[in-house]
Amino acid sequence: MGVTVRRETDGPDSGEGRAIGVVPAKADVAPTRISSLDAYRGFVIFLMWTELMRFDLLAQAHPGSYFWRIMAYHGVHVPWAGGSLHDLIQPSFAFIVGAALPFSLMARQHKGQSRLRMTAHAFWRAFLLVSIGIFLRSNGAPMTNWIFDDTLTVIGLAYGFLFVIAFGPTWSRWTVFALILIGYWAAFALYPLPGPDFDWARAGTSPDWPHNLTGFAAHWNGNTNLGWAFDTWFLNLFPRPRPFYAHVAGYSTLNFVPTIATMILGLFAGDVLKSGRTARQKVRWLLAYGVAGIALGWVLGALGICPVVKRIWTPSWVLYSGGWCFLFLAAFYFVIDVAKFRTWSFPLTVLGTNAIAAYCMWQLLDSFTKSSLKTHLGQEFFTFLGTANEPLALGAAVLACYWIVLYWMYRRRIFLRV
């Protein structure tokens, strides 16, 4: 079968399978549990869900509030270059997939699975992730929305390749990582800039857009780059209600290629956690990777060699966002698995152990849950904090409803797996 609802019988706190989506066949071969991966994944889901509370509207309603301006900035994606906390959601998901893979491989090898069987399952899983992503993006559309820049589709397109790379030695992973970044950078750098006859309106952008980059960095501007050119060919191979000319936000199908590099960074993190180093040595390694990634990515962007742009997943974005992912994982690992301070993380663990279900709920049930709450509690109920703060109260209520459902599933050991 493909997507399965699995009712686990070994308890919510036993086995690495909960943290990495694998249920060991025998308790005596289960790898050591890395609880911080669950909590980190849950934290990323929580960041994703905070869109429901519309911090941007709250900042507009409280123009003098520095707090709400900061929350609004980090509650949405930046227009183009740079990055907010919200921009780290998708790379974190990809990074965690890579970090969990060494443990998944170890669990499957303990169960005696062959490399061929594991690889076939990986590509089947990749196909399902892409399919679920397209299904969710087609919700409410007149026909299938063949678009491949959603979080699940991008991870799905990259996952099979990551699985093959994971079997190689460390030097081969670094080689592939470097080739992806250099090759992807060169491909964009060599793609010609818009000429005098370029149809800006058709591409959904303009030469005077305030977020356009200048000079050499202009090779990575929105809807004038290699990724956009690829999609104007590739996406029109699929049936569509009208021809595809440009993505309104500038995303690209080719994002899956550098996403493989982000996942490889996760592999390195997983290898560190699985290694025989002491716990504090592991934290130092993760911190070192993190600081190096942020610094190198920022320098490449500051020098104009390669701007830091999440929407087209530039190589500098791989380094910059990957560095933050290392730091987040280091923090969660130190607090939860080293210091053993875990109680606070339980709400995040509930989210992190059922990530597919949490993602689907967020994509499918937003409008239904909001309207249902207002129907049964009253249309004006969520104005109790003031009309301007209604989005916060209503969004928090929706988030609470989602969490309660996932807690019910967690208590009954029901987990949606791909």
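Helices in this talk are DSSP runs of H or I of at least four residues, numbered from the N terminus. With that settled, good morning, colleagues; please keep in mind throughout that the structure before you is a predicted model.

I shall begin at the surface. Helix α15 covers residues 366–377, and Phe368 lies within that helix. Is Phe368 buried or exposed? Its relative accessible area is 55%, and Phe368 is therefore classed as exposed, the threshold being over 50%. Phe368 does not stand alone: together with Phe135, Leu364 and Leu365 it forms a nonpolar surface patch. The accessible area of these four residues together comes to about 400 Å².

Let us stay with helix α15 and turn to charge. In general, side chains of opposite charge can pair when their charged atoms come close. In this model the count of salt bridges is 7. One of them joins Lys370 to Asp366, with 3.5 Å from N to O. These two residues are 4 positions apart in helix α15, so about one helical turn separates them. Lys370 is partly exposed, at a relative accessible area of 23%, and Asp366 is likewise counted as partly exposed, at 23%.

A further salt bridge connects Lys374 with Glu390, whose closest N and O atoms are 3.0 Å apart. This pair links distant parts of the chain, since Lys374 sits in helix α15 while Glu390 belongs to helix α16, residues 390–411, and the two are 16 residues apart. Glu390 itself is buried, with 15% relative accessible area.

I mention one more bridge, that between the side chains of Asp337 and Arg342, at 3.6 Å from N to O. Here the two partners can be described separately: Asp337 counts as buried at 10% relative accessibility, whereas Arg342 is partly exposed at 37%.

We now move to the interior. How many residues make up the largest nonpolar core? There are 101, and the residues with the most contacts inside this core are Tyr40, Trp49 and Leu406. The greatest contribution comes from helix α12, residues 315–338, which supplies 13 residues. A second core, separate from this one, has 10 residues, including Tyr184, Ala189, Leu254 and Ile312.

To return to Leu406, what does this residue contact, once neighbours within four places in sequence are set aside? Its partners are Trp49, Val350, Leu351, Asn354, Ala357, Ala358 and Met361.

My next residue is His86, located in the loop between α4 (66–74) and α5 (89–110). His86 is buried, its relative accessible area being 2%. Its side chain makes a polar contact of 2.6 Å with the side chain of Glu51. The same side chain, that of His86, also reaches the backbone oxygen of Gly75, at 3.5 Å. Apart from residues up to four places away in sequence, His86 touches Leu47, Met48, Thr50, Glu51, His74, Gly75, Val76 and His77.

Finally, I draw your attention to Gln281 in helix α11, which spans residues 279–302. Gln281 counts as partly exposed, at 32% relative accessibility. How far is its C-alpha atom from that of Phe177? The separation is 24 Å, for two residues that are 104 apart along the chain.

To close, two residues may serve as points of orientation: Phe368 is exposed, and His86 is buried. Thank you for your attention.

Methods:
Residues are numbered from 1 along each chain as its sequence is written. This is a predicted model: local features need pLDDT of at least 70, side-chain atom pairs count only at pLDDT 80 or more; totals for chains, interfaces and linings use all residues. Side-chain values use heavy atoms; hydrogens and water are left out. Patches are made of residues with over 30% relative accessible area and no salt bridge: like charges are joined within 9 Å, nonpolar side chains (Val, Leu, Ile, Met, Phe, Trp, Tyr) within 5 Å. Accessible areas come from the Shrake-Rupley method with a 1.4 Å probe; for residues, only the protein chains shown count as cover. Buried means under 20% relative accessible area, exposed over 50%, partly exposed in between (1.4 Å probe, protein chains only). A nonpolar core is a set of buried Ala, Val, Leu, Ile, Met, Phe, Trp, Tyr and Cys residues joined through side-chain atoms within 4.5 Å. Contact means heavy atoms within 4.5 Å. A polar contact is a pair of N or O atoms within 3.5 Å; within protein, one must be able to donate a hydrogen and the other to accept it, and residues adjacent in sequence count only if both atoms are side-chain atoms.
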